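This report is an introduction for a reader who meets the structure for the first time. It goes through the sheets, the helices that lie on them, the cores and the enclosed spaces in turn.

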Amino acid sequence: MSARRVLAIDAGQSDIKVRVDDGSRREDLAFRGIHTGGPLLPQLARVVHETLERTGTEPDVVAAGISGLTDRDADADALLSLVHADGVRATMLAHDSTTSFLGALGDRHGAVVAAGTGVVTLAVGATDTARVDGWGWIMGDAGSGYWIGREALDAVMRAYDGRGPATLLTDDALARWPDLSQAYMALQADHDRVRVVASLARDVARAADAGDAVAREISHRAAQQLAWSARTAVRRVRTDEPVFDVCAIGGVFASRTLHDAFEAALGEGAGLRLVAPQGVGIDGALALAEITTAHPLGAAVHRAGAI
């Protein structure tokens, strides 16, 4: 790692992970996740300011991988203007699919499925890259934590009505909303409803691993969606590689039931091999500070300042 002092940010919807690396020490912090409905760059600037206050560091570079980064917010110059007074000389921004890939596979060819509150898959081949999904909780994110949580709520209310089978997930829902007939109103009014729904994926994981049939069925369908995205991304970039590596990272894969189902579904594609990641998103955000334009993902990085 360079002697430059780096403040790396892995900005997700559930939480924001920060790592400070000054060449001789590392310190990790966590903040509340980004709110995708509001301006992004001021949220990142606040994280930088608070990190500096808490750690006393003086970073040269801020490098951030951001969930759902769009062209509207991919303005490294604008972020630099917000944090330049703190001594930051350069900023680098990338979609979290890029930093997830860098963290999991580094400079190797392969595909990375990063599934947390949302989900995105990125494949890098010999000559091309391909991103699949990552289209947010309204239009996509199939198999994500939000997707799983939404399926869980649907199953709970079907059981409540008598339209579906009983499930352990009802007890988890009752712990949050004692009157299920009013739960939908409370959830619709909740500013953090996306995060709340996604948090139910943990309940599904526990219930599935305990043998609940409804939770297992949801987990298997999520795994199929995630494997489908991986196979699609690989198909778009693969040339003549006999074996193509795939990594699965993110909280969704903490479910043993889902992870095993994903591996089985992935095996349906010839020559796909599930491999352990060498790191996660925050490792990729730190690596972002060293990425060059010659890297296959270099063109996906937005830069500003004296990098």
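An open sheet of six strands, with mixed pairing, has the order β3-β2-β1-β4-β5-β11. At its edges stand β3 (26-32) and β11, each of which pairs on one side only, and from one strand to the next the twist averages 15°. The model described here is a predicted one.

**Strand β1 and its partners**

Within this sheet, strand β1 (residues 6-11) has six of its six residues buried, so the strand is largely enclosed by the rest of the structure. In a regular strand the side chains alternate between the two faces of the sheet. In β1, Val6, Ala8 and Asp10 point one way while Leu7, Ile9 and Ala11 point the other way, and all are buried.

Strands of a sheet pair through backbone hydrogen bonds, in either a parallel or an antiparallel sense. Both senses occur around β1: with strand β2 (residues 15-21) it runs antiparallel, joined by six bridges, whereas with strand β4 (residues 61-66) it pairs in the parallel sense, over six bridges. The connection from β1 to β2 is a hairpin through three residues. Asp10 can be followed to both sides, as its bridge partner in β2 is Lys17 and it stands opposite Gly65 in β4. Further along, β4 is joined to strand β5 (residues 90-95) by six bridges, the two running parallel, and here Val61 stands opposite Ala90 in β5.

The pairings that have been described with their bridges, together with one from the second sheet, are set out below.

| Strand pair | Sense | Bridges |
|---|---|---|
| β1 and β2 | antiparallel | six |
| β1 and β4 | parallel | six |
| β4 and β5 | parallel | six |
| β7 and β8 | antiparallel | five |

Helix α1 (residues 40-55) packs on the six-stranded sheet. This helix touches β1, β2, β3, β4 and β5, and its direction makes about 135° with that of β3.

**The second sheet**

Another open sheet, of five strands, has the order β8-β7-β6-β9-β10, again with mixed pairing. Its edges are formed by β8 (129-133) and β10 (272-274), and because each of these has a single partner strand, one side of each is left without a neighbour in the sheet. Neighbouring strands of this sheet are turned by 20° against each other on average, when direction is ignored. Between β7 (residues 119-124) and β8, which run antiparallel, there are five bridges, and Leu122 stands opposite Arg131 in β8.

Helix α3 (residues 96-105) lies across β6 (110-115), β7, β8 and β9 (244-249), and runs at about 115° to β6. Ten of the ten residues of α3 are buried, so the helix is largely enclosed by the rest of the structure. The buried residues include Asp96, Ser97 and Thr98 as well as Phe101 and Leu102. After α3 comes Gly106, whose phi is positive, near 65°.

**Nonpolar cores**

The largest nonpolar core has 52 residues, and those with the most contacts inside it are Ile148, Leu169, Leu226 and Phe262. Helix α9 (residues 213-237) contributes the largest share of this core, eleven residues. If its neighbours within four places in sequence are left aside, Phe262 is in contact with Val113, Ala223, Leu226, Ala227, Val246, Ala248, Phe253 and Leu274. Apart from this core lies another, of 28 residues, among them Leu69, Ala76, Leu79 and Val83.

**Pocket and cavity**

The second largest pocket holds about 380 Å³ of space. It is lined by 17 residues, of which Arg150, Leu153, Met157, Tyr184 and Leu187 are the closest to its centre. The elements that give two or more residues to this lining are α5 (145-161), α7 (183-189) and α8 (193-209), and α5 gives the most, with six residues.

The count of cavities of 30 Å³ or more comes to one, and the largest cavity contains about 50 Å³ of space. Its lining consists of Ala152, Leu153, Val156, Leu169, Asp172, Ala173, Leu200, Asp203 and Val204. At least two residues of that lining are supplied by each of α5, α6 (169-176) and α8.

**An exposed loop residue**

Ala294 has its place in the loop between α11 (281-288) and β11 (302-305). Its relative accessibility is 71%, and because exposed means over 50%, Ala294 counts as exposed. The C-alpha atoms of Ala294 and Leu272, which are 22 residues apart along the chain, are separated by 27 Å.

Key. Residues are numbered from 1 along each chain as its sequence is written. This is a predicted model: local features need pLDDT of at least 70, side-chain atom pairs count only at pLDDT 80 or more; totals for chains, interfaces and linings use all residues. Side-chain values use heavy atoms; hydrogens and water are left out. Two strands pair if DSSP finds at least two bridges between them. Helices (H or I, at least four residues) and strands (E, at least two) are DSSP runs, numbered from the N terminus. Axes are lines fitted to C-alpha atoms, for helices over the stretch in contact, and angles run from 0 to 180 degrees between N-to-C directions. Contact means heavy atoms within 4.5 Å. A nonpolar core is a set of buried Ala, Val, Leu, Ile, Met, Phe, Trp, Tyr and Cys residues joined through side-chain atoms within 4.5 Å. Buried means under 20% relative accessible area, exposed over 50%, partly exposed in between (1.4 Å probe, protein chains only). On a 1 Å grid over the protein atoms alone, a cavity is a set of points where a 1.4 Å probe fits but cannot get out, and a pocket is an open set with protein on both sides within 12 Å along at least five of seven lines; lining residues have an atom within 4 Å of a point. Grid points are joined across faces, edges and corners, and a volume is the space filled by probe spheres set on the points.
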